[in-house]
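Colleague: Before we discuss the assignments, may I see the structure? I should like to ask how each term is justified.

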Amino acid sequence: MSLFSLVLVNLGRNKLRTALTVLSVVVALFLFCSLRGVLDTLAASIRVGSEARLVTRNAISLIFPLPPAYRERLAAQPGVKTVSWGNWFGGRDPVDPGDFYAQFAVDAATYFPVYASDIDLILAARPQGPGVVPAGVDPKLAAFFEDRTGCVVGEKLFRRKKWRLGQTVTVSGTIFPGPWPFVIRAVYRAKDPAFGEEALLFHWKYLEEKGMGGSGAVGWYVLELSDPGQAGSVSRAVDALYENSAAATRTETERAFQAGFVSMYGNVPFLVGLIGFAVVFAILLVAANTMMMATRERTGEYAVLKTLGFDDRTVFLLVLAEGAVLTLGAGLAGSLLAKLVLEGSGFNAGGFLPPMTVSWTTVAAGIGIAVFMGAVSGVFPAVRASRLNIVEALRRVD
Amino acid sequence: MASVTVRDVRKVYHRDSQAIPVLDGLTLDIADGDFVALMGPSGSGKTTLLNLIGGIDTVDSGSITVGGQDLAQLSGRTLARWRSRHIGFIFQLYNLIPVLTAIENVELPLLLVRMSPKERRERARLALDLVGLGDRLRHYPRQLSGGQEQRVAIARAVVSDPAVLLADEPTGDLDRKSGGEILDLLERLNDEFKKTIVMVTHDPHAAERAHRILHLEKGVLSN
């Protein structure tokens, strides 16, 4: 037997009470890490946005388009290497309308070279023709470029829907009504999971011809910069170009653009964080109460230990260790469980967010809170036990 | 040389605003290897004297020396360490830890001594052999009779080989037969192992086993 085994034996005295306390701490830390995980995910969605790319959109709102004529002038701006563009499609799966995923119409000839550093093409159909692709485009996309209705889908979406290459998937348009058949020609995998793998990308030209009657309205432009250090001056120059036009622009780095989406959640992240701490605080009181009850019941035993020669400090540490072992074990379990469960679920709010992530910093914070809970819940009973008057306590036992 | 020297000890307890004198200028010498029975009515100060000799309570005035150590010179941690090495306590209600086995209960005082787990276990086993419970090492207190529990408590008291054993009504909760066995054991510890024993008892039969019987009344020795 050792002092540590004495701690463990004491924890095992009232197994039901210990189990319930552990469970409450596990649930509290699971909730805390899950809620913090939401914040981690939002942070990841910002992080994935590049500082080397600018996004130009309508200054009024993203839902208002920009004229197609802008692209030549944008491309002519000093510091702009490539201009790409895209539109939000907003369709629904007619087979399963509740299972939402994002669809984007993109100018494939520029989009894939611009985002080449963010994705890998892991599956691609064979081209029927000579397999010609625009300059700078991965030749794996040859079949996609041959097919006006072709699409490229993210790996997670592809696997979740159990699709196969060459399969035609039909999407019901909401902004652009009607059935929209797409043929899967390639599958991509994100290099950073936060980039997301649950989108369907198709030819912008297809959308323009079928959905916009050739008007060519653009949702947003993506400007790849030759020098990321010029992001500020280029964005100011671009916005100055269209300052007095009918469709004034707002240009910012892709990261700032993503952060703008997160800011739309307003105080929700703050509230989420607050709820996490409230849960932890409530459980802290429960754990402290349990520890107080447990030590109160053993007042006589602490007196006996002190009679046998255990000094105040040893008794203090014994009681404190009980709380620490209990909350640290439960905290580790709850925090790691949140990481495993949330990241395992791959939940991504229908593609609006990157897959749920619980960062190691959050797990460490959870464990830190567990240690704090152990210290706070154990310190009062530990002080009480260590300051116990032996004679008084033994008299109570007799 | 006296093992225990008590000089003009006074002790007053305070309950609310009331002062209750318990020991009133008590002086006493107990020689090495002596076996002393303390008798007297309830509230006469027997247990208080035992607690003071054992260093779990402090005198208001006067002095107590045990084995040449003036207890007033010790406090806190040093007093606790001294207690673990020099004093063995035996309680009326045994005061074993219910979730520990017999051998684990006996090992408790040795956790404070630098010693390998194997050596600790071996010494605890020897102590239990000494009190005749070598076959009950893994039994929990609830699986033992009252007499056996008290023998485990005695094993715990002697496992660190203290010079002085303080027993507070060690047979008070036992039937005559079990009580007799416990007294036999205490006598043996006194005779064979030369332990100095101070035993508080209300039982004249138990007291007869001691070398000396001291009567306390209202905080002073009456004989």
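Modeller: A residue is buried if 20 or more other C-beta atoms lie within 10 Å of its own. In this predicted model, 49% of the 223 residues of chain B count as buried.

Colleague: What makes two residues of chain B a contact, and how far apart in sequence are the contacts?

Modeller: Two residues are in contact if their C-beta atoms lie within 7 Å. Among the contacts in chain B with a separation of 6 or more, 70% join residues 24 or more positions apart. Chain B itself has seven helices and ten strands.

Colleague: Which residues does the contact between chain A and chain B take, by number and by class?

Modeller: Chain B gives 23 residues and chain A gives 20 residues. On the side of chain B that touches chain A, α2 (76-86) and α3 (102-107) of chain B each give two or more residues. The largest share, six residues, comes from α2(B). By class, that side of chain B divides into twelve nonpolar, five polar and six charged residues.

Colleague: Why is the crossing of α1(A) and α12(A) called right-handed?

Modeller: A crossing is right-handed if the near helix is turned clockwise from the far one by less than a right angle. Helix α1 (residues 3-11) of chain A and helix α12 (residues 312-345) of chain A pack at an angle of about 65 degrees, with their axes 9 Å apart. The crossing is therefore classed by its sense of turn, and it is right-handed.

Colleague: Which residues meet there?

Modeller: Among them are A:Leu3 and A:Leu6 in α1(A), and A:Leu318 and A:Ala321 in α12(A). The contact of these helices has eight nonpolar, one polar and one charged residues.

Terms used
Residues are numbered from 1 along each chain as its sequence is written. Chains are lettered from A and ligands numbered from 1 in the order in which they are written. This is a predicted model: local features need pLDDT of at least 70, side-chain atom pairs count only at pLDDT 80 or more; totals for chains, interfaces and linings use all residues. Helices (H or I, at least four residues) and strands (E, at least two) are DSSP runs, numbered from the N terminus. Ala, Val, Leu, Ile, Met, Phe, Trp, Tyr, Cys and Pro count as nonpolar, Asp, Glu, Lys and Arg as charged, and the others, Gly among them, as polar. Axes are lines fitted to C-alpha atoms, for helices over the stretch in contact, and angles run from 0 to 180 degrees between N-to-C directions. A residue is buried if 20 or more other C-beta atoms lie within 10 Å of its own, exposed if 12 or fewer, and partly exposed in between; C-beta atoms are placed from the backbone.
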